[in-house]
Amino acid sequence: MLTHPTAQALIDGVARWLPVDGSASPFTLRVARNALEIAARDLALGPGADVRAAGRLAALLHREGDRETLDRALVDALRAGRIAPDDPALIAHLRACALDSLAIDQPRYAHEL
Amino acid sequence: MTERLSRDGIAARLAALPLGGAIEDVSLLTGGASMETWAFRAGDDALILRRRGASADDHPGRKPPLEREAAVIAAAVAGGVPAPHVVHVCTPAEGLGEAYVMRRVAGETLGRRIAHDAAFAPARARLARQCGEALARIHAVPPPVGLETLDAGTTLANYEESWRASGAARPTIDAAFRWLERRLPPAGGEARLVHGDFRNGNLMVDADRGLAAVLDWELAHLGDPAEDLGWICTNSWRFGCPRRRVGGFGDLADLLAGYEAAGGEPIDPVRVDFWQMMGSLKWGVMTTMMHARFAADPAAGPERGVIGRRLSEAEADIVAIIERSVRC
């Protein structure tokens with residue numbers, strides 16, 4: 001499943017790309033630094049965000065599980081129409097997820113939440 | 001197949017075109033993956049060469065011929081839309097591949113500068129209304145033959161197919177699909193010429209006078225005119241100014257007022273919301289495609305992986321639109 005690049009994939013990608021002959025441009029080096037910063041924030045904040053998301057998902061879906069399993073179950077429920085896209089409990093959950101994800105991925109993104 | 005050409009190679013081929021005057025000051029402005037833009041002078045005329053990039057294969061999907069893009073621009077100019085005049089459409093024998101030459105319009109295209117710089121405050125005061133006027137004129141242009149029709153239902157189905165093929169489990173994205181599905185406009189509405197990429201970043205803006213030209217017509221098609229109004233309102237194109245809904249520089253009320261003043265049929269803000277959601281969804285699906293390419297070739301560099309992490313931006317924007325729609 002390719003949901004988004006994991007912290008490990010980002011770090012691994014930087015390590016496999018990083019040229020040691022000084023040929024990298026300042027732009028690509030900035031991108032690499034950004035990738036490592038995302039990975040570091042993910043390692044620090046990701047586990048807590050996953051636990052919080054799993055707790056909300058358990059309440060929403062009336063079942064227990066880890067985040068990945070419950071995310072998949074919520075996607076199935078949305079596709080089957082068992083949970084409506086404007087369900088207030090769903091919206092509250094998605095809002096909290098979006099804020100947690102942005103704090104890891106793009107903390108400076110200017111949004112409307 | 002497009003040949004990769006050096007600056008001198010471009011200059012030599014330009015010299016053989018019927019442009020009048022010696023070719024000078026050839027320089028590459030943007031070498032986008034799918035499109036090259038060259039600036040040059042022919043005698044006293046400041047001109048631009050748009051040319052299919054050598055790495056056009058880098059972008060998935062069929063690209064419409066540049067010749068048709070030139071025909072759309074010419075039709076738009078004839079309809080009173082501020083857009084660069086096309087002066088020459090290249091033939092294969094001229095050796096530049098798919099390409100055309102247009103007049104160079106002075107101004108700024110950098111979205112961040114247009115949204116933030118103090119020098120652009122006079123432009124920002126009028127730009128949303130001018131965009132509305134330009135869009136009304138675009139949507140009234142008799143479309144050139146050969147343009148593909150892309151209505152809301154088809155667009156949504158295409159994105160959902162890409163999304164499901166990725167296998168990703170992100171509930172916010174699936175909620176967006178269901179939200180849009182419930183709000184699909186009835187099929188069979190009159191299809192109009194739609195610019196297809198009308199956003200801050202594709203507008204040439206004069207700091208004092210505002211809109212100078214609408215650029216980048218590559219994605220023009222027939223469809224729902226509200227699509228263009230929604231796309232320029234998508235938060236990804238507000239460059240850090242989320243409170244100014246139109247491109248980070250203006251208000252929706254001004255966009256709609258300009259649209260109606262120039263003869264456009266009134267557009268319900270709910271339809272703008274629909275296409276703004278589609279815009280955020282499009283960005284979200286694109287980030288996933290970038291991630292897939294990063295995963296396939298991680299040693300190529302982390303840039304596409306970092307873009308893959310921008311899915312969160314689309315999600316935040318999607319949730320904001322759903323919340324607003326529930327409050328209304």
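This report describes chain A, its contact with chain B, and selected parts of chain B in a predicted model.

Residues are numbered from 1 along each chain as its sequence is written, while chains are lettered from A and ligands numbered from 1 in the order in which they are written. Local features need pLDDT of at least 70 and side-chain atom pairs count only at pLDDT 80 or more, whereas totals for chains, interfaces and linings use all residues.

## Chain A

Chain A holds four helices and zero strands, and its pattern along the sequence reads α-α-α-α. Helices (H or I, at least four residues) and strands (E, at least two) are DSSP runs, numbered from the N terminus. The radius of gyration of chain A is 17 Å, where a compact globule of 113 residues would have a value near 13 Å. That radius is taken over C-alpha atoms, and the globule rule is 2.2 Å times the number of residues to the power 0.38. Along the principal axes, the C-alpha atoms of chain A fill a box of roughly 55 × 30 × 25 Å.

Buried residues make up 28% of the 113 residues of chain A. A residue is buried if 20 or more other C-beta atoms lie within 10 Å of its own, exposed if 12 or fewer, and partly exposed in between, with C-beta atoms placed from the backbone. Among the contacts in chain A with a separation of 6 or more, 48% join residues 24 or more positions apart. Two residues are in contact if their C-beta atoms, placed from the backbone, lie within 7 Å.

An unreviewed UniProt entry places the feature "domain: DUF6285" at residues 26-109 of chain A. UniProt positions are given in the numbering used here, feature names are shortened, and annotations may be inferred rather than shown by experiment. The span 26-109 of chain A is 81% helix and 0% strand, and its end C-alpha atoms lie 22 Å apart.

Two residues of chain A can be placed in more detail. A:Glu37 belongs to helix α2 of chain A and counts as partly exposed because 14 other C-beta atoms lie within 10 Å. A:Glu37 is 30 residues from A:Ala7 in sequence, and their C-alpha atoms are 9.5 Å apart in space. A:Thr69 is in helix α3 of chain A; it has 15 C-beta neighbours inside 10 Å and is therefore partly exposed. Between A:Thr69 and A:Leu57, 12 residues apart along the chain, the C-alpha separation is 9.9 Å.

## Contact between the chains

Chain A gives 41 residues to the contact and chain B gives 42 residues. On the side of chain A, the elements with two or more residues in the contact are α1 (7-17), α2 (26-61), α3 (67-80) and α4 (88-105). The largest share, nine residues, comes from α4(A). By class, this side of chain A has 24 nonpolar, eight polar and nine charged residues. Ala, Val, Leu, Ile, Met, Phe, Trp, Tyr, Cys and Pro count as nonpolar, Asp, Glu, Lys and Arg as charged, and the others, Gly among them, as polar.

## Chain B

Chain B is assigned domain 1 (7-103) and domain 2 (111-327); such bounds come from an automatic or database domain assignment. The C-alpha centres of these two domains of chain B are 26 Å apart. Their contact takes 13 residues from domain 1 of chain B and 15 residues from domain 2 of chain B. The domain 1 side comprises nine nonpolar, two polar and two charged residues.

Strands β2 (residues 35-42) and β3 (residues 45-52) of chain B pair in the antiparallel sense over eight bridges; pairing requires that DSSP finds at least two bridges between two strands. B:Trp38 has B:Leu49 in β3(B) as its bridge partner. The hairpin has two residues between the strands, and B:Gly43 in it takes a positive phi near 65 degrees.

B:Arg126 lies in helix α4 (residues 121-140) of chain B and is partly exposed, with 18 other C-beta atoms within 10 Å. B:Arg126 and B:Asp208 are 82 residues apart along the chain, with their C-alpha atoms separated by 9.3 Å.

Two residues other than glycine in chain B have positive phi values, as tabulated here.

| Residue | Phi | Loop in chain B | C-beta neighbours within 10 Å |
|---|---|---|---|
| B:Asp216 | near 55 degrees | between β8 (210-214) and β9 (221-223) | 21, buried |
| B:Phe239 | near 50 degrees | between α7 (226-233) and α8 (252-261) | 21, buried |
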